[in-house]
Amino acid sequence: QVQLVESGGGLVQAGGSLRLSCAASGRTNSNYAMGWFRQAPGKEREFVAAIRWSDSNTYYADSVKGRFTISRDNVKITVYLQMSSLKPEDTALYYCAADQRPKFTDRYYRSTLGYDNWGQGTQVTVSS
């Protein structure tokens with residue numbers, strides 16, 4: 001079991017930036033992946049970004065592509081989400097996720113089904 005601790009959420013004006021961090025306990029393996037999802041009130045949890053540990057391949061939702069950047073620190077086993085040009089519609093509870101199972105298709109990096117470890121969430125609020 002992997003434990004995840006998120007930080008970095010807050011209140012920011014539209015057009016501003018925030019950086020989220022997620023530190024993971026335990027060890028990685030060749031299948032390791034970490035991702036970010038978000039959930040706004042009354043909506044389903046949706047994919048934001050993910051990174052494959054073995055080769056740092058990244059995945060992004062179309063809604064954040066070009067504005068958000070996911071990166072990792074292999075030594076600290078920490079994933080970051082740099083968010084820029086924030087919009088009010090980015091307001092949500094952001095969850096970090098991690099998984100150590102093999103993924104046979106890329107779609108699992110973009111799905112909640114592809115992760116079995118979740119953080120508690122950090123709130124991001126973007127004011128207009």
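In this predicted model, a convenient place to begin is Ser21, which belongs to strand 3, the stretch covering residues 18-24. Ser21 has a relative accessible area of 17%, and because buried means under 20%, Ser21 counts as buried. Leaving aside residues up to four places away in sequence, the neighbours that Ser21 touches are Val5, Glu6, Ser7, Trp36, Val79 and Tyr80.

One of these neighbours, Trp36, leads on to the pairing of strand 4 with strand 5, where the bridge partner of Trp36 is Ala49. These two strands run antiparallel and are joined over 6 bridges. Between them the hairpin has 6 residues, and within this hairpin Gly42 adopts a positive phi near 80 degrees. Strand 4 itself is mostly covered, with 6 of its 7 residues buried.

Strand 4, residues 33-39, also pairs with strand 9, again in the antiparallel sense, through 7 bridges. Two positions help to locate this pairing in the structure: Arg38 has Tyr94 of strand 9 as its bridge partner, while Phe37 stands opposite Tyr95. Strand 9, made up of residues 92-99, has 7 of its 8 residues buried, so the rest of the structure largely encloses it.

Strand 9 has further partners. Strand 11, residues 122-127, is antiparallel to strand 9 and joined to it by 3 bridges; here Tyr94 has Thr122 as its bridge partner. Tyr94 thus appears in two pairings, with Arg38 and with Thr122. The short stretch of residues 117-118, strand 10, is likewise antiparallel to strand 9 and contributes 2 bridges. In that pairing Ala97 stands opposite Trp118.

What do the aromatic side chains add to this picture? A pair of aromatic rings is described by the distance of the centres and the angle of the planes. The structure has 6 aromatic pairs. In one of them, Phe37 and Tyr115 meet edge-to-face, with 5.4 Å from centre to centre and 75 degrees between the planes. Phe37 is in strand 4, whereas Tyr115 is in the loop between strand 9 and strand 10, so this pair ties together parts that lie 78 residues apart in sequence. Both residues of the pair, Phe37 and Tyr115, are buried. Tyr115 also forms an edge-to-face pair with Trp118, the centres being 6.3 Å apart and the planes at 70 degrees. The relative accessibility of Tyr115 is 4%, so Tyr115 counts as buried; Trp118, at 26%, is partly exposed. Together with Phe47, the residues Phe37, Tyr115 and Trp118 are linked by ring pairs into a cluster.

Charged groups meet aromatic rings in this structure as well. Arg45 lies over the face of Trp118, at 4.9 Å from the ring centre, which adds a charged neighbour to a member of the ring cluster. Elsewhere, the charged end of Lys103 sits over the ring of Tyr109, at 5.6 Å from its centre.

How many salt bridges does the whole structure hold? The search finds 9. One of them joins Arg52 to Asp106, with the closest N and O atoms 3.8 Å apart. Arg52 lies in strand 5, residues 46-52, and Asp106 in the loop between strand 9 and strand 10, so this contact ties together parts that are 54 residues apart in sequence. Asp106 is partly exposed, at a relative accessible area of 40%. Another salt bridge brings together the side chains of Lys65 and Asp62, at 3.3 Å from N to O. Here Asp62 has a relative accessibility of 66% and so counts as exposed.

Is the pair of Arg67 and Asp90 buried or exposed? Both Arg67 and Asp90 are buried. Their salt bridge has its closest N and O atoms 2.8 Å apart. Arg67 belongs to the loop between strand 6 (58-60) and strand 7 (68-73), and Asp90 to the loop between strand 8 (78-83) and strand 9; the pair links distant parts of the chain, 23 residues apart. Through shared partners, salt bridges join Arg38, Glu46, Arg67 and Asp90 into one network. Arg38 therefore has a place both in this network and in the pairing with strand 9, where strand 9 is largely enclosed.

Terms used
Residues are numbered from 1 along each chain as its sequence is written. Side-chain values use heavy atoms; hydrogens and water are left out. Helices (H or I, at least four residues) and strands (E, at least two) are DSSP runs, numbered from the N terminus. Buried means under 20% relative accessible area, exposed over 50%, partly exposed in between (1.4 Å probe, protein chains only). Contact means heavy atoms within 4.5 Å. Two strands pair if DSSP finds at least two bridges between them. A salt bridge is a side-chain nitrogen of Lys or Arg within 4 Å of a carboxyl oxygen of Asp or Glu. Rings of Phe, Tyr and Trp (its six-membered ring) pair if their centres lie within 6.5 Å; planes under 30 degrees apart count as stacked, over 60 as edge-to-face and the rest as tilted. A charge sits over a ring if NZ of Lys or CZ of Arg is within 6 Å of the ring centre and within 35 degrees of the ring normal.
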